Amino acid sequence: MNWTKDLSLGCNLYLVRIWVLVVVLLGGVGYHDDCTQDVLAECTWLGGAIYGQEVSTGAVEGLSDEEEFSERLADDKDSNEKDNGNEATVQSDLQDAAQDKSRTGYDFFNTYGLVLLPTSVRRTIRAEFFSDTYLSYQISSLLSDVMPQSVYLLEAAGSYSFANDEIYSLYGNSWLWNRAYINDIEVSSAYFSGRSLHKFIPVGYDITFDGIKGVRDYSLPVGSKKGFVYNNVTAGYIGEAVPYYETIANESIINFFPAQKRDIKPPKERPGTISSSEGSLRFVLPKKRTQVPSYANEGVDEVFSGAPFVIDVYYHLGGRNFLQFDYDGFDKVFREFNTAMTVSGYTDWTAKRLGGETAWTAGFVASAFSRTRLGAEFYFREEETLNFTSLALTGYAKQVLRVGGGVFSGSYAISTAWHTLADNNSNNAPFNVLRVTGEGLFPYDFNNAEAVVEITPQVTYAYVFDVYRENFLKLAGSTRLAVVTANPAQKNDRQAVYFQDRTNHFSLYESHIARDFTAYAILDEQFNLILNDHKQAWWKIEVGFDLDALLLRAESAARITPRFAITLELPPTRWVSLGFLLGRENIPFTTEYAKFLSADYKTTENYLWNDSNRNNRVDAGEVETGAGGLYSTEGGRYQRLSSKFNQPHYYYIDVPFSLHMTKNWALSLGIHYRLFKQSPWVCYEGDASDYGSYREVAGGEQVYFETNGEKRYEICNLPTSYFPTRGRNWFNNSPIYFGATAGFTGVGKRYVVSLSFTAHLINGITRQGNGPLHNNLGFFERTMADPNNLVRPVGRYDPDRAYLIRLFLSYAFLRNLIAATSIAYRDGQPIGSWDYHFANAGNGTQISWVRREVSGDNLLLYNGEFGTREDAFFTVDFRLKWIIPLKNSDLEFHFNIYNLFDFALETVEYAVYDEEASKRIALELEPPRTIEFIIKYVY
């Protein structure tokens, strides 16, 4: 069926219009907190302080045009006044607000955050978009199919990716740096970098993405007063290609999809691969309106202060299958179960005091989350995964008060969490170092059964010195201290490692792992001065510094680094807006540093293993544990932070442009650049010649082999000398991101159209391996020091998908019937492939890996070398929503299909070279075709 054609035919039908709730794109650069840190003087004195709302004019006033319109529309819907006359009045209000020349840019037109606005690479998508237009609540689908500059690093289909929906990249940043917020309070996990302590889906929540800072913030919408009950049921399976694929695909199309001509290793069975149920319930006490004094105008303003108390309850029960492959093809299917429950509360009030009033908001979030196969999403084998359970609690309060001629705001929060990780390798079976997908060539991270405790207090503050003037100076800062303890389930462990392919079996070594109770703290302190001018050409200057510290028992570090941001916007006209952003953003320490440097967390000594009886089990006498049998060392006892280490940071340039062609249609273009400086790397403590030498292998290639014995490492900064010398300069001797996005958006009475095209590259050097854990910025391990890693080192990082095309269409055929479809294309994942060489052909040997080709290519900047990508990935989703109006309430039914057309393109392939792998064997097909049913009652 041609959904695009059907939608275009439906557009010719003139039926009773459906009212669309409209929202404002939140702009701004700087600290995350919308009201208390970034645009404090642009918030209403009390009403805006409560909700973090922005008004585009910069004046201190009441509700903005959009919020008044949304409030009026919502009240109108509450009273069921849905006659044509009222609709015409509301539509007139909408058009008048859109044509208001006093507004900056096209924030009112940009209802759903789909148009890139000047002076901001940050966009807020309101709750109405998910329920009224997008008709889906899956974040991974949004990131994969709609958000223009985002790359979801795994494959998504409905709630298939619920358990790992935080693994995404914005503007080329590492997902390790992503930060999670709830109501402007950070709830990022200190132990699991880049992830949240709490699980949310945007049912009844706004969600903000910050393309500079990697922020994802769930927040209660302005004036939320609707309660609801929501539940969905999802089922899916890994299917074959669509039945008529061969009919519609001619030879040229098949040639374009390499997997169609590859040796695909089919699974022996295709059982149901996903099933889940999730639901949410919101309680809302009646709204209120409070008479409060206004400091912007004389007299008294009536300010909407929202619901005095809101409680949300959310649950998720899910399961999915993973396909496991080994050196001989398909191995087996294993299943994961994942569950989540989150309870949150939110309230606000105004406290009177002598000489003024203080606006307060307060809330809490409590959650539980569990997975039975943590790590399976990175293609770890079942015995390499972990059982994971997490309990977390966050409490917070925020205040805004007038002090002198300015306004002070502050927020205070504390998060606590308890995690347990249990090893699924109960029989301590040896690991095969050969991972056919190349998703990590060294199995050192799996012996970490432990209990982890996090305690994270945080304080943010801001002071605007003069709220009466459009020129104002603001001081803002934040302090976040994360204290983490990790208690291992077993202090001493042994793990054997071997190599096996179709023809060879060699025992390699046995790892002796020592672990103990570990405690560390990570400090992230920021301080900023911000100056704004809103007269003619709008500009904003932000300068400050960060204090980043890592506190360990035997290895601590602190770095003070500058930061700045410059934002310019040409005087906006009714039709055109142009912006320019330039700045430097620092990257704080993460728990990856603590794990690498702490002698207590893990220290490993590897002893050569001679499996003389070839039973693949370590027997007495097969491992010499003295100095003569010591092959290598790693872990905190042998690793340190270089005294010359500089804090990683990146420079960014963004040039967003918008052309508003008509009242309903706009073009946008964004050019984006990131230069990642001082990226963390691992070097030998000393010279490579101190630990090994080169040997010639078959084919004449020189390969580095380590000598047996103790080895020491240090975290250094990525040496610029590792990049090719041809044309090397300050702009290309470090990892870079460069991209451009063109967008075409239309928002009408009954339709939403969003089309975007992104072309980008993310070039650099990484550790050995494919995927978001290895071919990515921000991760490091001792193998980076291996000189073999410098053979064809520069390539594309995992977030690089080269070309991204997203088309989203939504149309209201009837007032109560809405259909939507999203069609997305993205280029394949860049992958590297490896040769392996042995020091000798027998047991008790060592293996060296050498990259055969670069990941993707580095054609534009370096040597012009080409590597490989996995197949391009296509997603076609279709959604339908039917509304049954009831008295003062609505009953909704949703029917969603994800991955409607399955072209059977593989997303993982054999990446370790042998005579069979030279055919680029496809190892896994794309995610399951999924059907989702949703019922929602709004009251």
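Strands here are DSSP runs of E with at least two residues, numbered from the N terminus. With that in hand, here are the views of this predicted model.

**View 1. Arg-792 sits in the loop between two strands.** The strand on one side of this loop is S36 (751-764), and the strand on the other is S37 (795-796). Take a look at the backbone here: phi of Arg-792 is near 50°, a positive value in a residue other than glycine. Arg-792 counts as partly exposed because its relative accessibility is 28%, while the buried class stops under 20% and the exposed class begins over 50%.

**View 2. Asn-183 is a non-glycine residue with a positive phi.** The angle is about 50°. Asn-183 belongs to the loop that lies between strand S4 (179-182) and strand S5 (185-186). Asn-183 has a relative accessible area of 7%, so it is buried; the cut-off for that class is under 20%.

**View 3. The whole protein chain, as a setting for the two close-ups, has 10 helices and 48 strands.** Of its 939 residues, 65% are buried. If you like to think in contacts, consider those in the protein chain with a separation of 6 or more: 72% of them join residues 24 or more positions apart.

**View 4. The protein chain exposes a surface of about 32,800 Å².** Carbon and sulfur atoms supply 58% of this exposed area. Back at the two loops, Arg-792 is partly exposed, whereas Asn-183 is buried.

Note on methods. Residues numbered from 1 in each chain as written. Predicted model: local features only at pLDDT ≥ 70, side-chain atom pairs only at ≥ 80, totals over all residues. Heavy atoms only, no water. Helix = DSSP H or I, 4+ residues; strand = E, 2+ residues; numbered from the N terminus. Buried < 20%, exposed > 50% of the residue type's maximum accessible area, 1.4 Å probe, protein only. Contact = heavy atoms within 4.5 Å. Areas by Shrake-Rupley, 256 points an atom, 1.4 Å probe, with all protein chains shown as cover.
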